[in-house]
Amino acid sequence: MRARVLAAATVAVLLSTGTAVPADAAPPTALAPGVTAPCPKLPTPAVTRPPRPTPPEPVPAQRAVGGEALATPGLVVSPGTPAPPPVTATSWLVADLDSGAVLGGCGPHEYATPASVQKLLLAATMLPKLDPKQVVTVTREDLDIEPGSSAVGLLVGGRYPVETVWLGLLLQSGNEAANLLARLGAGSAEAGVREMNAEARRLGALQTRAVTPSGLDGPGQFTSAYDLALIARVCFANPTFRRYALTERAQIPAQPALRKRGFQIQNENPLIYDYPGALGGKTGFTDLARHTYVGAAERNGRRLVVTLLNAERRPIRAWEQGARLLDWGFSLPPDSSVGRLVQPGEVSDGAAATPSTGPDAGAAVAAGRSSGGAPEWLGGAVVGGSAGLVGLLAALLAVGRRRRRPRRRAVQWD
């Protein structure tokens with residue numbers, strides 16, 4: 001038993017110090033029960049947020065969709081790869097949009113609240129159903145959004161092309177645009193949410209439950225980094241979505257009947273301006289969800305997507321954290337894999353876990369039990385070089401000779 005604990009500690013230390021994990025590192029089943037390979041984390045400032053919602057009870061089969069190695073609250077990467085950059089997000093995932101290979105992640109199936117990245121699920125659901133040239137009229141119900149939340153500036157009684165409404169949704173994160181599009185696609189915003197949830201189940205995003213079309217917080221609304229990658233993959237497969245996501249600015253037309261002039265909106269996703277090969281994505285924020293992000297980019301013919309949840313904007317903003325993770329993903333060999341994105345219709349609510357594919361999937365570094373992560377005596381260790389590692393292992397042996405009282409850790413949920 002002690003040898004297994006020491007092996008897990010060695011893997012965790014190598015990851016936390018940025019050293020490549022040896023190719024013969026122990027697979028997940030060889031890690032000691034209850035030990036998690038910790039995610040590289042940036043220090044985060046103290047923030048005030050509403051009380052955390054209670055997440056659903058975890059379903060083992062759902063947590064293993066895409067591969068059993070993904071069913072961890074901690075870090076999962078292929079053996080022999082460099083450690084990913086530290087971020088503030090509590091969960092994230094990097095995947096190949098074309099092959100579906102999951103390159104790595106942190107708590108990929110941990111529940112979190114989505115904020116406005118949920119608008120991607122709305123796009124995946126409604127974009128194929130709506131004629132972009134259709135002109136629609138805004139109703140008072142469409143503007144039933146939280147006061148002060150993000151809006152495009154659509155007017156009751158205003159008439160707008162559907163394409164303009166989509167641009168308002170994706171560039172300016174308009175919550176009234178989300179209500180309008182959900183209503184157009186399903187007859188009402190509430191029916192639109194039901195269709196969004198049905199689409200999530202079809203895609204295999206079994207941990208996703210939408211309550212609002214826009215991602216504004218609602219009781220019981222959750223998603224996961226893995227689910228977001230499934231949803232984003234469908235969006236980026238749509239050429240119309242890709243065109244919208246890369247649009248830098250758009251004109252909201254004047255409304256002569258309402259005596260209102262037109263105005264210009266700009267894309268609020270900095271990735272498209274500052275990251276070479278950017279394909280677009282979506283930002284999100286609420287006091288409850290904190291910062292969320294989905295971004296995609298192409299390099300040397302390879303297209304990757306990153307999803308991250310529950311991030312803070314300091315010391316670096318969420319999109320910059322996503323950019324660093326994309327850089328890390330592009331640095332990995334194309335055949336690197338710890339799992340895969342399932343195909344639409346492949347799994348259902350009661351389905352068993354989908355096995356992972358790829359040469360490294362079965363030997364991914366992963367383990368864990370709850371979102372508490374690694375024990376503090378392991379996750380908090382700072383080691384410099386091999387001498388520090390030897391010292392840590394010696395300390396672990398000493399610790400193992402006496403009984404330890406585990407410390408309680410507070411775990412925040414989005």
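Leaving aside neighbours within four places in sequence, G220 is in contact with R209 and V211, and this glycine is a convenient place to enter what is a predicted model. G220 belongs to the loop between α6 and α7, and its relative accessibility of 32% makes it partly exposed, because that value falls between the limits of 20% for buried and 50% for exposed. Although 166 residues separate G220 from T54 along the chain, their C-alpha atoms are 8.0 Å apart.

Two further residues can be followed in this loop. T212 also lies between α6 and α7, the latter helix running over residues 225-236, and with a relative accessibility of 16% T212 counts as buried. The side chain of T212 reaches the backbone oxygen of L216 at a distance of 2.7 Å, while the residues that T212 touches, once those up to four places away in sequence are set aside, are Q118, V193, M196, D217 and Q221. S224 is likewise found in the loop between α6 and α7, and its relative accessible area is 0%, so S224 is buried. A polar contact of 3.2 Å links the side chain of S224 with the side chain of Q207, and Q207 appears again among the residues touched by S224, together with P108, H109, E110, T208 and L309, when residues up to four places away in sequence are not counted.

T208, which S224 touches, also helps to line the largest cavity, whose other lining residues are P114, V117, Q118, L121, T223, L228 and I231. Q118 in that lining is in turn one of the residues touched by T212. The structure holds one cavity of 30 Å³ or more, and the space in the largest cavity comes to about 40 Å³. Sorted by class, the lining consists of five nonpolar and three polar residues, with no charged residue among them.

From the loop and the cavity one can turn to the chain as a whole. The chain contains twelve helices and eleven strands, and of its 414 residues 55% count as buried. Among contacts with a separation of 6 or more, 73% are made by residues 24 or more positions apart.

Two of the helices show how such burial is arranged. Helix α5, covering residues 175-186, has twelve residues and extends 17 Å from its first C-alpha to its last, close to the 16 Å expected at 1.5 Å a residue. Nine of the twelve residues of α5 are buried, so this helix is largely enclosed by the rest of the structure. The buried residues of α5 are N175, E176, A177, A178, N179, L180, L181, A182 and G185, and their cover includes α3 (119-126), β4 (135-137), α4 (162-172) and α6 (189-203). In the loop between α4 and α5 stands S173, which has a positive phi of about 55° although it is not a glycine, and which is buried at a relative accessible area of 6%. After α5 comes G187, whose phi is also positive, near 105°.

Helix α10, covering residues 318-331, has 14 residues, which should span 20 Å at 1.5 Å a residue, and its end C-alpha atoms are indeed 20 Å apart. Ten of these 14 residues are buried, so α10 too is largely enclosed by the rest of the structure. The buried set in α10 is made up of A318, W319, Q321, G322, A323, L325, L326, W328, G329 and F330. What covers these buried residues includes the strands β1 (75-77), β2 (91-96), β3 (101-106), β9 (290-299) and β10 (302-311), as well as helix α9 (271-274).

Two backbone details belong to the surroundings of α10. P315 lies in the loop between β10 and α10, and the peptide bond that joins R314 and P315 is cis, with omega about 10°. R290 is found in strand β9, one of the elements that cover the buried residues of α10; R290 has a positive phi of about 65° although it is not a glycine, and at 8% relative accessibility R290 counts as buried.

Note on methods:
Residues numbered from 1 in each chain as written. Predicted model: local features only at pLDDT ≥ 70, side-chain atom pairs only at ≥ 80, totals over all residues. Heavy atoms only, no water. Helix = DSSP H or I, 4+ residues; strand = E, 2+ residues; numbered from the N terminus. Expected span 1.5 Å × (residues − 1). Buried < 20%, exposed > 50% of the residue type's maximum accessible area, 1.4 Å probe, protein only. Contact = heavy atoms within 4.5 Å. Polar contact = N/O pair within 3.5 Å; in protein donor to acceptor, adjacent residues only side chain to side chain. 1 Å grid on protein atoms, 1.4 Å probe; cavity = no way out; pocket = protein on both sides within 12 Å on 5 of 7 lines; lining within 4 Å. Points joined across faces, edges and corners; volume = space filled by probe spheres on them. Nonpolar A, V, L, I, M, F, W, Y, C, P; charged D, E, K, R; others polar.
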